[in-house]
Amino acid sequence: MKRIVILTGAGISKESGLDTFRDAGGIWSKVRLEDVATPEGFRANPQLVHDFYNARRRQLQDPAIKPNPAHEALAHLERQNAGRVLIVTQNIDDLHERAGSTNLIHMHGEMLKIRCDMCGSVLTWQGDIELFTPCPACAREGGLRPHVVWFGELPLMMDRIYEELAQCELFVSIGTSGNVYPAAGFVAEVKRWGRAHTVELNLEPSEGSSHFQERIHGPASQIVPDFVARLLSSF
Ligand code: APR
């Protein structure tokens, strides 16, 4: 069984009803990322940032938002390949988990978790956060923020991710524009080790498309299940 690392981005959740960032009508066309996805923006106007994530946290819990066949196909692949499939997602939604994936790293954090800058606790959180919501762990006010990695902050679990990239025999990128580093550099990192086959599954060619040995374009809910079925029949 091959060791497989799968990088996912907002495109895999698009057909579940969650907006991407850089497509036409995407999130960054409606709100300035500098205002809501940077530490400076949070310091300047924390309530605006809380409102932005409160709205996305509420939307994610809408019953209409659920995993699509692409998320489900990846969970199936993991079950058939126990211990050999790792998903590294840039997404902060919980659709991979809800589809059944368990070997999963959220390198940009998670929408349904919060962090207290006073005591460092990371806690599951479904409700809204307001400016002075007290921390459930230390009871202090004013220290809560979304457990989300903002621009200029270090993504999570990078050592573990680079170890996995070095050892994988198949690297698959799904639904990401290849605009944001370090994730956009993962395919080059994999190629540096010279052992993995690299595949891009995306609606259209991404920024880094030319780095991939194989490129399959179309909606994730169609091309990902087909790709997984082909992969499993080749084992
Ligand atoms: N199926 C497959 N791919 C799709 C679909 C779909 N139905 N719809 C859109 N896409 C593709 C787009 O073509 C685009 O290449 O998904 C990609 C989404 O790109 P972005 O909006 O840039 O999202 P992403 O690559 O995940 O952004 C990376 O940037 O803003 C930060 O932290 C944020 O994690 C995010 C990071």
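**Exercise 1.** In this predicted model, find which backbone contact leucine 203 makes with the ligand.

*Solution.* Start from the backbone of leucine 203: one of its N or O atoms sits 3.1 Å from a nitrogen atom of the ligand. The cut-off for a polar contact is 3.5 Å between N or O atoms, so the pair qualifies. Next, check how much of the ligand is wrapped up: on its own it has 730 Å² of accessible area, and the protein covers 95% of that.

**Exercise 2.** Work out which ligand atoms the side chains of glutamate 15 and tryptophan 28 reach.

*Solution.* Take glutamate 15 to begin with: a polar atom of its side chain is 3.0 Å from a ligand nitrogen. Then move to tryptophan 28, where a side-chain N or O atom lies 2.9 Å from a ligand oxygen.

**Exercise 3.** Describe the shell around the ligand by count and by residue class.

*Solution.* Count the neighbours within 4 Å: you get 23 residues, with Ala10, Phe21, Arg22, Thr176 and Ser177 the closest. Now sort the shell by class, and it splits into 8 nonpolar, 10 polar and 5 charged residues.

**Exercise 4.** Lay out the sheet, then zoom in on where β8 meets β9.

*Solution.* Read off the strand order, β3-β2-β1-β7-β8-β9: that's an open sheet of 6 strands with parallel pairing. Look for strands that pair on one side only, and you land on the edges, β3 (104-106) and β9 (214-217). From one strand to the next, the twist averages 15°. Finally, go to β8 (residues 197-202), which runs parallel to β9 and is joined to it by 4 bridges. Along this pairing, leucine 201 faces isoleucine 216 of β9.

How values were computed. Residues are numbered from 1 along each chain as its sequence is written. This is a predicted model: local features need pLDDT of at least 70, side-chain atom pairs count only at pLDDT 80 or more; totals for chains, interfaces and linings use all residues. Side-chain values use heavy atoms; hydrogens and water are left out. Two strands pair if DSSP finds at least two bridges between them. Helices (H or I, at least four residues) and strands (E, at least two) are DSSP runs, numbered from the N terminus. Axes are lines fitted to C-alpha atoms, for helices over the stretch in contact, and angles run from 0 to 180 degrees between N-to-C directions. A polar contact is a pair of N or O atoms within 3.5 Å; within protein, one must be able to donate a hydrogen and the other to accept it, and residues adjacent in sequence count only if both atoms are side-chain atoms. Accessible areas come from the Shrake-Rupley method with a 1.4 Å probe; for residues, only the protein chains shown count as cover. Ala, Val, Leu, Ile, Met, Phe, Trp, Tyr, Cys and Pro count as nonpolar, Asp, Glu, Lys and Arg as charged, and the others, Gly among them, as polar.
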